[in-house]
Amino acid sequence: MKMIINGKKVDSVSGATFEVTAPATGKVIDTVPKATGEDIKLAVDAAVIGQKIWAEAPIYRRAEVIYKFLDIVEQNKESLAKTLSAENGKPITEARIEIGNVFIGFRAFCRGSQTLLWNHYTSGDRSRTKKQHAAGYPRTHWGCGLHYSFQLSL
């Protein structure tokens with residue numbers, strides 16, 4: 001497995017990894033990069049730049065990105081459920097439910113954002129200064145809180 005930094009799958013700068021073991025068997029099922037301070041700096045620097053780009057994206061474009069993510073989850077849902085089950089010992093039926101919750105949560109975020117929109121006009125030529133905002137929320141964050149055992153739903 002790799003980290004994703006600035007849209008690229010990468011190993012840790014150090015090359016170090018952690019083993020991921022199945023709690024039921026103790027078998028190593030994968031390895032993950034052991035991030036260093038340098039990796040974190042690279043990720044934060046990329047996120048700061050990405051946030052500025054994301055902040056300028058209209059709500060409909062953000063929803064398109066999230067729907068594309070959901071397409072990828074749909075194509076890989078059984079594999080994701082098996083990995084989730086293996087890495088934490090969760091029964092496969094619960095893992096499948098958790099993967100299903102990804103769709104429920106993110107679709108709700110997209111639909112909910114549509115109900116929070118309003119047009120904001122500044123003085124002057126209103127046809128050229130129209131902006132979209134999510135009422136009462138920062139323009140760059142979508143989120144919710146769910147039970148801790150449903151990590152993928154977050």
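Trainee: Why is Arg96 called partly exposed?

Mentor: Arg96 has a relative accessibility of 40%. Buried means under 20% relative accessible area, exposed means over 50%, and partly exposed lies in between (1.4 Å probe, protein chains only). The value for Arg96 falls between the two limits, so Arg96 counts as partly exposed. This is a predicted model, in which local features need pLDDT of at least 70 and side-chain atom pairs count only at pLDDT 80 or more, while totals for chains, interfaces and linings use all residues. Residues are numbered from 1 along each chain as its sequence is written, and side-chain values use heavy atoms, with hydrogens and water left out.

Trainee: What makes the contact between Glu78 and Arg96 a salt bridge?

Mentor: A salt bridge requires a side-chain nitrogen of Lys or Arg within 4 Å of a carboxyl oxygen of Asp or Glu. The N to O distance between Arg96 and Glu78 is 2.6 Å, and the pair therefore meets the rule. The two residues link distant parts of the chain, 18 residues apart: Glu78 is in helix H3 (residues 77-88) and Arg96 in helix H4 (residues 92-115). Helices are DSSP runs of H or I with at least four residues, strands are runs of E with at least two, and both are numbered from the N terminus. Glu78 is partly exposed, at 31%.

Trainee: How many salt bridges does this rule give?

Mentor: The count comes to 6. One of them joins Asp45 and Lys41 at 2.7 Å, N to O. Both residues lie in helix H1, 4 residues apart, which is about one turn of the helix.

Trainee: Are Lys90 and Glu98, which form a salt bridge, buried or exposed?

Mentor: Lys90 has a relative accessible area of 11% and Glu98 one of 0%. Both values are under the limit for buried, so both residues are given that label. Their closest N and O atoms are 2.4 Å apart.

Trainee: How do you know that strands S3 and S4 pair?

Mentor: Two strands pair if DSSP finds at least two bridges between them. S3 (residues 17-21) and S4 (residues 28-33) have 5 bridges, in the antiparallel sense, so the condition is met. In S4, Asp30 is the bridge partner of Val20. The two strands form a hairpin with 6 residues between them, and Gly26 in the turn has a positive phi of about 75°.
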